[in-house]
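Please open the model in your viewer, with a cartoon representation and residue labels at hand. The tour below goes from one selection to the next and says what can be found at each stop.

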Amino acid sequence: MTGDSTAQAPRILLVVGGGIAAYKACELVRLIRKGGASVTCVVTEGGQQFVTPMTLAALSENPVYTTLWDLRNEAEMGHIQLSREADLVVVCPASADLLAKMAAGLADDLATTLILATDKPVMAVPAMNVRMWQHAATQRNVAWLRESGVEVLEPDEGPMACGEYGPGRLPEPEAIWAAVTARLGADRASHPLSGQPDFDTAPDHRPLYGRHVLVTAGPTHEPIDPVRYIANRSSGKQGFAIAAAAAEAGARVTLVAGPVALETPHGVDRIDVESAREMAEAVDGALPADVAIMVAAVADWRTRDVAGQKMKKARSGLPELVLAENPDILAGLAAGEARPGLLIGFAAETENVVDNAKAKRERKGADWIVANDVSGERQDSVMGGDHNLAHIVTAAGVETLDRMPKTELARALMARVAQHLEPDDTE
Ligand code: CTP
């Protein structure tokens, strides 16, 4: 890697405010570093109640600043310089108090002084109790900040540490990192290298550089008539996480997505499709690929005939749906001329998970099958949820991974893919 690319690594000034969500700033620092950007942290007094400067210093591998007096020594960086050396200032978590100070233009500590002094874009990631978020004063402050150019992210909705439910939770660090990269990407759009995967500091950050990874994700919708369709419960989250992890690892990624309401991960080329046959066609058109990962829950059947008009209730009885089998995209790829070097299927099973996956691997001609247990109550089930428990079935054996977030499973899988492809490089 050239010195140039290191010089281009984006620099982030992370202001860690107070609140229980401050611990998630640690994960954000890890993601920023992993993404190849550098990060300098400033922690407010409130923030220090939840996360120590030493933790942030260790994770960021940079000094952490807590008070204006840290910068008193002229040999140290002055606050103006610190606020301007960054490409982006990220305030995370931004408490109600911190947002109010920002809106009012107060500068009574290091964090608020930096935010006021910077000439760089500022992004704030709010986290607070639901009523504090919904309070007219906070909403006014947020509107004011947005008007003056601060990008204020929407908080997540869900159960809160204080026991209440609603909007106010800090978004997941992956989502914040995606917003940061999008912002940096937008600001660098005029750069001649824009469009290239960002943040390549070292080859080990981008082990899949130069590879094309093809991913299918989500359900398919098989039309019955213009308003009705056959579908399944797939959310697309696991496939999208895999596409994101592959891009993070430096690959060129094509994501063929069934109908899902998910944002396209940064650096991923997305093709939206509805039905299994459209998905098969899009996959075909995206070849050749070095790796194909078929995560989509493709409908096995479609209706043989699609009604041209909405079907009406008939007095003569129930309509009959005659089904036809859909193409098996994975098996088709395995048998095709442009078979990717590494072909990975997913298997959603409700019983005999590993044995069924072993049989499926043989039957479909895949190299690996990642098997999930999709039995269980819907609320904590794999389908639609954020966690997964997977077994990776290969010719060499079965590796059972711990239950983990889908984003982590995606990275774990990509690490194995990169490792598998490595020997090719030394040929
Ligand atoms: N798959 C595919 N095309 C299909 C059906 C499935 O590419 N028409 C892929 C999926 O993306 C997944 C793998 O095949 O990678 C296994 O999917 P699964 O639904 O578990 O397999 P089925 O063939 O439907 O087997 P089962 O009889 O267990 O439903």
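Begin by selecting Ala175, which is partly exposed because 16 other C-beta atoms lie within 10 Å. Keep in mind from this stop onward that the model is a predicted one. Ala175 has its place in helix H10, which spans residues 173–187. If you add Glu263 to the selection, you will have two residues that are 88 apart along the chain, with their C-alpha atoms separated by 9.8 Å.

Now zoom out to the whole protein, whose secondary structure comes to 15 helices and 22 strands. Of its 427 residues, 42% count as buried. Among the contacts with a separation of 6 or more, 70% are accounted for by residues 24 or more positions apart.

**The six-stranded sheet**

Next, select the six strands that form an open sheet with parallel pairing, in the order S3-S2-S1-S4-S5-S6. The edge strands, each of which pairs on one side only, are S3 at residues 64–65 and S6 at residues 151–152. Helix H7, residues 110–117, packs on this sheet and touches S1, S2 (38–43), S3, S4 and S5 (122–126), and its direction makes about 140 degrees with that of S1.

Within the sheet, show strand S1 (residues 11–16) beside strand S4 (residues 88–94): the two run parallel and are joined by four bridges. One residue pair to label here is Val15 with its bridge partner in S4, Val91.

Moving along to S5, how many of its residues are buried? The strand is mostly covered, with five of its five residues buried. Its two faces are both covered, since the buried residues are Val122, Ala124 and Pro126 on one side and Met123 and Val125 on the other. Four bridges join S5 to S4, the two strands running parallel, and in this pairing Val89 stands opposite Val122. Towards S6, which also runs parallel to S5, there are two bridges, and there Met123 stands opposite Glu151.

**The eight-stranded sheet**

Turn next to an open sheet of eight strands with mixed pairing, which you can select in the order S13-S12-S9-S14-S17-S18-S20-S21. S13 (268–272) and S21 (397–400) are the edge strands, each pairing on one side only. From one strand to the next, the twist averages 15 degrees.

Inside this sheet, strand S9 (residues 212–217) runs parallel to S14 and is joined to that strand by four bridges, with Val213 opposite Val291 in S14. Two helices are worth adding to the display. Helix H12, residues 276–286, lies across S9, S12 (252–257) and S13, running at about 165 degrees to S12. Helix H14, residues 353–364, packs on the sheet and touches S17, S18 (368–373), S20 (390–394) and S21, while its direction makes about 140 degrees with that of S17.

**The nonpolar cores**

Switch to side chains and select Val213, Val215, Ile242, Ala243 and Ala246, which have the most contacts inside the largest nonpolar core, a set of 58 residues. Helix H11 (residues 237–248) gives the largest share of this core, eight residues. Apart from it lies another core of 55 residues, including Val39, Val89, Ala94 and Leu170.

Val213 deserves a selection of its own: leaving aside neighbours within four places in sequence, its contacts are Leu208, Ala246, Ala251, Val253, Ala289, Asp290, Val291 and Ile293.

**Val295 and the ligand shell**

Select Val295 next, in the loop between strand S14 (291–294) and strand S15 (301–303). Is Val295 buried or exposed? Val295 counts as buried because there are 28 C-beta neighbours inside 10 Å. Beyond its neighbours within four places in sequence, Val295 is in contact with Val215, Thr216, Ala217, Gln238, Gly239, Ile242 and Phe346. Ala348, 53 residues apart from Val295 in sequence, is 9.6 Å apart in space, C-alpha to C-alpha.

Finally, display the ligand and the 15 residues around it, of which Met294, Val298, Ile329, Leu330 and Gly345 come nearest. Helix H13 (329–335) and strand S17 (342–349) are the elements that give two or more residues to this shell, and S17 contributes the largest share, four residues. Coloured by class, the shell shows nine nonpolar, three polar and three charged residues.

Terms used. Residues are numbered from 1 along each chain as its sequence is written. This is a predicted model: local features need pLDDT of at least 70, side-chain atom pairs count only at pLDDT 80 or more; totals for chains, interfaces and linings use all residues. Two strands pair if DSSP finds at least two bridges between them. Two residues are in contact if their C-beta atoms, placed from the backbone, lie within 7 Å. Axes are lines fitted to C-alpha atoms, for helices over the stretch in contact, and angles run from 0 to 180 degrees between N-to-C directions. A residue is buried if 20 or more other C-beta atoms lie within 10 Å of its own, exposed if 12 or fewer, and partly exposed in between; C-beta atoms are placed from the backbone. A residue is near a molecule or strand if its C-beta atom, placed from the backbone, lies within 6 Å of it. Ala, Val, Leu, Ile, Met, Phe, Trp, Tyr, Cys and Pro count as nonpolar, Asp, Glu, Lys and Arg as charged, and the others, Gly among them, as polar. A nonpolar core is a set of buried Ala, Val, Leu, Ile, Met, Phe, Trp, Tyr and Cys residues joined through C-beta atoms within 7 Å.
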